[in-house]
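Q: I am new to this structure and would like a close look at a single part of it, the helix that gives the nonpolar core its largest share. Which residues does this helix bring into contact with the rest, and how is it tied to other parts?

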Amino acid sequence: MSTTLTKLPVSTPITTEDAQRAVDQIRADDELAWQVAAELDREPRLLLAKLFALEPAQQAGLSRMRLERVRSTFAPVARALREGDPVFVRINEVAVVTAAFSCSFKVEVSSDGVTVEGSIST
């Protein structure tokens with residue numbers, strides 16, 4: 001991860017409120033927004049792990065996601081950060097059904113901005 005990302009918000013739990021607060025702080029600083037967009041293009045899994053205080057099982061689940069899939073999923077978010085478009089975050093916590101951690105992300109682009117929806121088992 002780039003050492004230029006020193007202005008990243010403090011690592012926070014991955015909840016809707018905390019994730020939205022982190023995104024809003026990033027969007028408020030044009031230079032940081034561009035740097036974060038570049039990290040989303042390069043290695044979004046590391047960026048997510050740095051931004052959010054993930055449990056070890058969550059980190060393991062995130063690392064199992066294919067890099068190209070995560071990059072393509074977050075490409076609209078990177079574009080929105082570069083262009084100054086709104087980014088909305090919604091995190092859905094799902095009760096664990098098995099012992100394994102699972103997560104998924106969906107990104108939708110609309111005329112209102114970009115919405116990131118994440119589902120994680122807790």
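**Helix H5 and its surroundings**

A: In this predicted model, the largest nonpolar core has 31 residues, and those that touch the most other members are Leu8, Ile26, Val36, Leu40, Phe74, Val77 and Leu81. Several elements build this core, since at least two residues each are supplied by helix H1 (16-27), H2, helix H3 (44-51), H5, strand E1 (87-94), strand E2 (103-110) and strand E3 (113-121). The largest share, six residues, comes from H5, and that helix is the part to follow here.

One place to begin is Leu81, which, when residues up to four places away in sequence are not counted, touches Ile26, Arg27, Ala33, Val36, Ala37, Leu40 and Val87. Of these partners, Ile26, Val36 and Leu40 are, like Leu81 itself, among the core residues that touch the most other members.

Next comes the packing of H5 against H3, where the two helices meet at an angle of about 70° and their axes are 9 Å apart. At that angle, H3 counts as roughly perpendicular to H5. The residues that meet are Pro44, Arg45 and Leu48 on the side of H3, and Leu67, Val70, Arg71 and Phe74 on the side of H5. Sorted by class, this contact has five nonpolar and two charged residues, and no polar ones.

Charged side chains add another layer to the picture. Side chains of opposite charge can pair when their charged atoms come close. Across the whole structure, a search finds five salt bridges, one of which joins Arg82 to Asp41, with their closest N and O atoms 2.3 Å apart. Because Arg82 lies in helix H5 (residues 67-83) and Asp41 in helix H2 (residues 30-42), this pair ties together parts that are 41 residues apart in sequence. Both partners are partly exposed, Arg82 having a relative accessible area of 27% and Asp41 one of 36%.

A second salt bridge stays inside the helix, where Arg71 pairs with Glu68 and the closest N and O atoms are 2.5 Å apart. These two residues of H5 are three residues apart, and about one helical turn separates them. Arg71, which also takes part in the contact with H3, counts as partly exposed at 25% relative accessibility.

Arg45, which meets H5 from the side of H3, has a salt bridge of its own with Glu43, at 3.0 Å from N to O. Here both residues, Glu43 and Arg45, are buried.

Key. Residues numbered from 1 in each chain as written. Predicted model: local features only at pLDDT ≥ 70, side-chain atom pairs only at ≥ 80, totals over all residues. Heavy atoms only, no water. Salt bridge = Lys/Arg side-chain N within 4 Å of Asp/Glu carboxyl O. Helix = DSSP H or I, 4+ residues; strand = E, 2+ residues; numbered from the N terminus. Buried < 20%, exposed > 50% of the residue type's maximum accessible area, 1.4 Å probe, protein only. Core = buried A, V, L, I, M, F, W, Y, C linked by side-chain atoms within 4.5 Å. Contact = heavy atoms within 4.5 Å. Axes fitted to C-alpha atoms, helices over the stretch in contact; angles between N-to-C directions. Parallel < 35°, antiparallel > 145°, perpendicular 65-115°, else oblique. Nonpolar A, V, L, I, M, F, W, Y, C, P; charged D, E, K, R; others polar.
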